Amino acid sequence: MLRASLRQISAALKEGQITPTELCQRCLALVRSTQFLNAYITVAEETALKQAEESEKRYQRGQPLGELDGIPIAVKDNFNTAGIETTCASNMLKGYISPYNATVVQKLLDQGAVLLGKTNLDEFAMGSGSTDGVFGPVRNPWSYSRQYKEKSIPRSDSEPENSNWVIAGGSSGGSAAAVSAFTCFAALGSDTGGSTRNPAAHCGVVGLKPTYGLISRHGLIPLVNSMDVPGILTRCVDDAAVVLGITTTYIFVCSMSLFRRLSQSKLNSIYPIYIFLFFSVSCHVSGSLAGHDPKDSTTVQDIFQPFALPTLTDVSKLSIGIPKEYHVPGLSSEILAVWSKAADLFKNAGAKVVEVSLPHTHYSIVCYHVLCTAEVASNMARFDGLEYGHRSDMSKSTESMYAATRREGFSDVVRGRILSGNYFLLKQNYEDYFVKAQKVRRLIANDFVKVFGSGIDILLTPITLSDAIPYVEFIKEDNRTRSTQDDILTQAANMAGLPAVNVPTALSERGLPIGLQFIGRSFQEKQLLTVAKWFEKQVQFPMIQLEEVKKHDDGVLQHQKSASFS
């Protein structure tokens, strides 16, 4: 049952095959049995069970709030959650409990979702491995899969036991691992330069970065305000669409059901029509993560129209772009081969596959790090020990307390980015670094505009340079070097504000996931996810085989790997 998709488990709840409380208890049991993954920082067991009980009552009354009612979810620990600790995996915020929920969290709770807990990450989301938080690194569930173990080189006697586990990616590694290990059916991440798509690729799950401004950032503790986007992690594309916006089909059924009941009442026949129209509109507004938020001025002003993903059968009218600049140094032969096979898959199905150029991509990673650290320096200034968060015992002066607080509360990684950002923002450096980076960012965004304006519908690119590497190898490089390497294929979409999604595509020779990235036009999530869904169906990515999961789950859904990606 825990291996079902979100839609399947939602149907099971509606049919009474399992209750929200039973489902929550089974997920919590699995969270406990997979503690070795270190995917969660906080498990809100009492809160989750209470929410599940409330959901169960709604189902008993025949009044579920939608497809997410009773569905266990997890949230990255840089989203504020009322009554539950929010730490950003930093000593600076240990013990901090927000008085309010982030908008996206509140919207999920309003739809009846059950919040299991907060997931692990790199400190303040600064990293690409989920290895640099104060609560320790996240372990990729695929490290313990049958697929990986069957192809792993036997450990030598000199190597420590369990030394060959691989990273989950970052910075939303805890959320990706939680979904991959079946402890929840969906999770929120954040994506500043690839922090949702990167771990999704490494953990074999779907990772969606929506268009900048489509989903509210209110309550997401900021890293880079101009690039941060709440991300969605699920086990299939359809589920990502469900979390992004409740399907039109479901809303229509609910509305018609109410309409029929009211039509049979003694009210004047005109009233049910007005109520039906009002109910329909209200569902469209409240049943979606997307849409305008008065608390976030960067959100789109237009009302978001939830959609149901169509089943694409004919791709002959599609034009798929293959950016030549994404063939970067360091790209593994395995990733390149999977990328090429994916392009051939579209071509053989009748789609037009065209090589395109994004000429300023070569400058994007440098541009990204200048802008990123500059905004980090600004955003981290709020953590001064005066109002909330960690406060040093140093009492010689306000200045010494302030300095000691930041020295004790921030890691070397965070302090390093703050120093870099402040350097770029110095009066004598501002024009040469920050202003030039902003100009280059505009050139990068214009590259995408020109490509999409030429008739290209979707861009197909790699996400990572290789499959997930062992932790002992990953930590040989410093955080800045790793981030530069790992963000190179993902951050341009953030600077251009475009939607992008990782789709698990194949297993590497080591039995680890490889994902590919689809980049779409601004606010064209429907087209992006429709194409991703078609591709997902073609490749039939295999399900992870975890012995720990099998102990807690009897309803296993089998998936076969496509021969074309073997």
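Does Phe523 count as buried, exposed or partly exposed, and at what relative accessibility? Phe523 counts as partly exposed because its relative accessibility is 40%, where buried means under 20% relative accessible area, exposed means over 50% and partly exposed lies in between, with a 1.4 Å probe and protein chains only.

Before I go on, please keep in mind that this is a predicted model, in which local features need pLDDT of at least 70 and side-chain atom pairs count only at pLDDT 80 or more, while totals for chains, interfaces and linings use all residues. Residues are numbered from 1 along each chain as its sequence is written, and side-chain values use heavy atoms, with hydrogens and water left out.

Let me begin with the whole chain. The chain holds 20 helices and 11 strands, which are DSSP runs numbered from the N terminus, helices being H or I with at least four residues and strands being E with at least two. Of its 566 residues, 60% count as buried. Contact here means heavy atoms within 4.5 Å, and among contacts between residues at least 6 apart in sequence, 78% join residues at least 24 apart. The chain exposes about 23,000 Å², of which carbon and sulfur atoms supply 53%; accessible areas come from the Shrake-Rupley method with a 1.4 Å probe, and for residues only the protein chains shown count as cover.

Now to α14, which runs over 412-425. The expected span of a helix is 1.5 Å times one less than its number of residues, so the 14 residues of α14 should span 20 Å, and its end C-alpha atoms are indeed 20 Å apart. Its buried residues are Val413, Val414, Arg417, Ile418, Ser420, Gly421 and Phe424. Seen down the axis of α14, these buried residues fall within an arc of 165 degrees, so they line one face of the helix, the arc being that of the directions from the helix axis to the C-beta atoms. On the other side of α14, Asp412 and Leu419 are exposed.

What do the buried residues of α14 pack against? They pack against α12 (364-379), α13 (398-409), α15 and α17 (479-487). Taking α13 from that list, its buried residues are Met401, Ala404, Thr405, Arg406 and Gly409, and what covers them includes α14.

Just past α14, Leu426 sits in the loop that leads to α15 (431-453), and it counts as partly exposed because its relative accessibility is 36%. Leu426 forms a nonpolar surface patch with Tyr423 and Tyr433, the three together having about 260 Å² of accessible area.

I will close with the backbone. Most residues other than glycine have a negative phi, and most peptide bonds are trans. Phe523, from my opening, has a positive phi of about 60 degrees although it is not a glycine, and it lies in the loop between β11 (513-519) and α19 (525-539). Asn38, in the loop between α2 (20-33) and β1 (40-43), likewise has a positive phi, near 60 degrees. A cis peptide bond, with omega about 10 degrees, joins Gly170 and Ser171, and Ser171 lies in the loop between α5 (146-151) and α6 (173-180). 

One term from the Leu426 part still needs its cut-offs: patches are made of residues with over 30% relative accessible area and no salt bridge, with like charges joined within 9 Å and nonpolar side chains (Val, Leu, Ile, Met, Phe, Trp, Tyr) within 5 Å, and a salt bridge is a side-chain nitrogen of Lys or Arg within 4 Å of a carboxyl oxygen of Asp or Glu.
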